[in-house]
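Let's take a walk through this model together, with the viewer open beside the text. Please load the coordinates and keep the secondary-structure display switched on.

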Amino acid sequence: MNYENESLSSTSCSPRILIMTAVEAEREAVLRGLNGADGFEVQLAGVGPIASAINTTAILASSTNTVAYDLVISAGIGGGFHGIADIGSIVIATDIIAADLGAESPDGFLSLDKLGFGSSQLKADAPLSERLKQAVAGTNIPVCTGPILTLSTVTGTAETAESLSHRIPGAAAEAMEGYGVALAAHLHQLPVLEIRAISNPVGPRQRELWKINDALSALEQVCSLLPEVVQ
Ligand SMILES: O=C(O)c1cccc(C(=O)CC[C@H]2O[C@@H](n3cnc4c(=O)[nH]cnc43)[C@H](O)[C@@H]2O)c1
C-alpha cells in the first residue's frame, strides 16, 4: 500500500492500526502518547521474535472483514548503534532484519538469503516511515531512519556490536521483536513500521545504565504524532 498521497483508510470506517509492544511499560507509554485516539489497538507481543510472531499472527488471524487492520507497528525501546542513534533518540526502520537468523561459517555469517531459504530482511513502509520521520523532526527529539536489527540475544560485547555494524552497514538500532511482528504483518499482506526509542547503546552490557524512562518518554512523544501521520 502506498500512502504518499492518500490516507490510510482502505474501508469506510477509520483505519485500524495494530501496535505491538514487548512489555507492559512500553504499551502504557504508547497508550499515553495516543491519548485515546480512534483506530488504534495496542497489544503485547511478548519478548523476542518468536513470541512476537506468534502473538501478532494470532491477533491478525482473529480479525474479520469488519475489524480488518490497515497497518501493523512494532514499537518499543531498543539499543542504538554507536555514532548513529544516541540514548533518547528515535529510530524508524527502513528495513527490519533478523540479524542472527542463519548459519555461522569459517568465512563469516550466512543469512537466510545466502543459504537460499528466503529472506531475513523485510521492508518497512517507506512513505509512511518518511512521514513519521518528518513529523518527529519537527519536535526536539533526534530521529533517524535505518535498518533495525531483530536479535534473540541482546548484544553484550563490543565485538558483537562491531561485527553486526560491519555485516549490516548502516544498522541503526537493535531490539528483539521487529522481525516477528513484521513477518506476521507480511504474511497478512499488511504494511509495517518499526519504531524504537533508544534506551542504551549497543555494546558491552551495563544494564544499570539503561535510560528506560528517557526512552519511554520519547516513545510516548512519538506516538502522540501517529494519529496525524497515519490519517
Ligand atoms: O525494567 C523496566 O522498567 C522496563 C521498562 C520497559 C522495557 C523494559 C525492557 O527491558 C524491554 C525489553 C525490550 O527492550 C528491547 N531492547 C532494549 N534494548 C535492547 C538492546 O540493546 N538490544 C536488544 N533489545 C533491546 C527489546 O526489544 C526487549 O524486548 C524494561
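Are α4 and α7 oblique or roughly parallel to each other? A word of caution before the answer: what you see is a predicted model. Helix α4 covers residues 126–137 and helix α7 covers residues 212–230, and the two pack at an angle of about 125° with their axes 10 Å apart. An angle over 145 degrees would count as roughly antiparallel, and one from 65 to 115 as roughly perpendicular; α4 and α7 are therefore oblique to each other. The crossing of this pair is right-handed. On the α4 side the contact is made by Arg131, Leu132, Ala135 and Val136, and on the α7 side by Val222, Leu225, Glu228 and Val229.

Keep Val222 in view, and let it lead you to a strand. The C-alpha atom of Val222 is separated from that of Ala197 by 8.8 Å, although these positions lie 25 residues apart along the chain. Ala197 is found in strand β10. Leaving aside residues up to four places away in sequence, Ala197 touches Ile77, Ile90, Ala215, Leu216, Ala218, Leu219 and Val222. Is Ala197 buried or exposed? A residue needs 20 or more other C-beta atoms within 10 Å to be called buried; Ala197 has 31 of them, so it is buried.

The strand around Ala197 tells a similar story. Strand β10 spans residues 192–201, and nine of its ten residues are buried, so the strand is largely enclosed by the rest of the structure. Which strands does β10 pair with? One partner is strand β3, residues 71–80, which pairs with β10 in the parallel sense over nine bridges. Another is β4, which runs antiparallel to β10 and is joined to it by three bridges. Arg196 is a handy landmark for both pairings: it is the bridge partner of Gly76, and it also stands opposite Val91.

From β10 you can step across β4 to the next strand. Strand β4, residues 90–98, pairs with β8 in the parallel sense over seven bridges. Within that pairing, Ile92 stands opposite Thr145 in β8. Strand β8 itself, residues 143–150, is mostly covered, with seven of its eight residues buried. As a general aid when you look at such strands, side chains in a regular strand alternate between the two faces of the sheet.

Strand β8 has a further neighbour in strand β9, residues 173–175; the two run parallel and are joined by three bridges. Here Leu149 stands opposite Glu174 in β9. To get from β8 to β9 the chain passes through helix α5, residues 158–167, in a right-handed β-α-β crossover.

The same kind of tour can be made at the beginning of the chain. Strand β1, residues 17–21, runs parallel to β2, and five bridges join them. One position to pick out is Ile19, whose bridge partner in β2 is Val42. The link from β1 to β2 goes through α1, and this β-α-β crossover is right-handed.

Now for a second helix pair. How are α2 and α6 oriented with respect to each other? The axes of helix α2, residues 49–61, and α6 come within 7 Å and cross at roughly 30°. Angles under 35 degrees count as roughly parallel, and α2 and α6 are therefore roughly parallel to each other. In this crossing, α2 passes α6 in the right-handed sense. The contact involves Pro49, Ile50, Ser52, Ala53, Thr56, Thr57 and Leu60 from α2, together with Tyr179, Gly180, Val181, Leu183, Ala184 and Ala185 from α6.

Two loop residues round off the tour, and their backbone angles deserve a look. Most residues other than glycine have a negative phi. Asn35, however, has a positive phi near 50°, and Gln189 has a positive phi near 55°. Asn35 lies in the loop between α1 and β2, while Gln189 sits in the loop between α6 and β10. Asn35 counts as exposed because it has 10 C-beta neighbours inside 10 Å. Gln189 has 7 such neighbours inside 10 Å, so it counts as exposed.

Key
Residues are numbered from 1 along each chain as its sequence is written. This is a predicted model: local features need pLDDT of at least 70, side-chain atom pairs count only at pLDDT 80 or more; totals for chains, interfaces and linings use all residues. A residue is buried if 20 or more other C-beta atoms lie within 10 Å of its own, exposed if 12 or fewer, and partly exposed in between; C-beta atoms are placed from the backbone. Helices (H or I, at least four residues) and strands (E, at least two) are DSSP runs, numbered from the N terminus. Two strands pair if DSSP finds at least two bridges between them. A crossover is right-handed if, with the strands pointing away from the viewer, the path from the first strand over the helix to the second runs clockwise. Axes are lines fitted to C-alpha atoms, for helices over the stretch in contact, and angles run from 0 to 180 degrees between N-to-C directions. A crossing is left-handed if the near helix is turned anticlockwise from the far one by less than a right angle, and right-handed if clockwise. Two residues are in contact if their C-beta atoms, placed from the backbone, lie within 7 Å.
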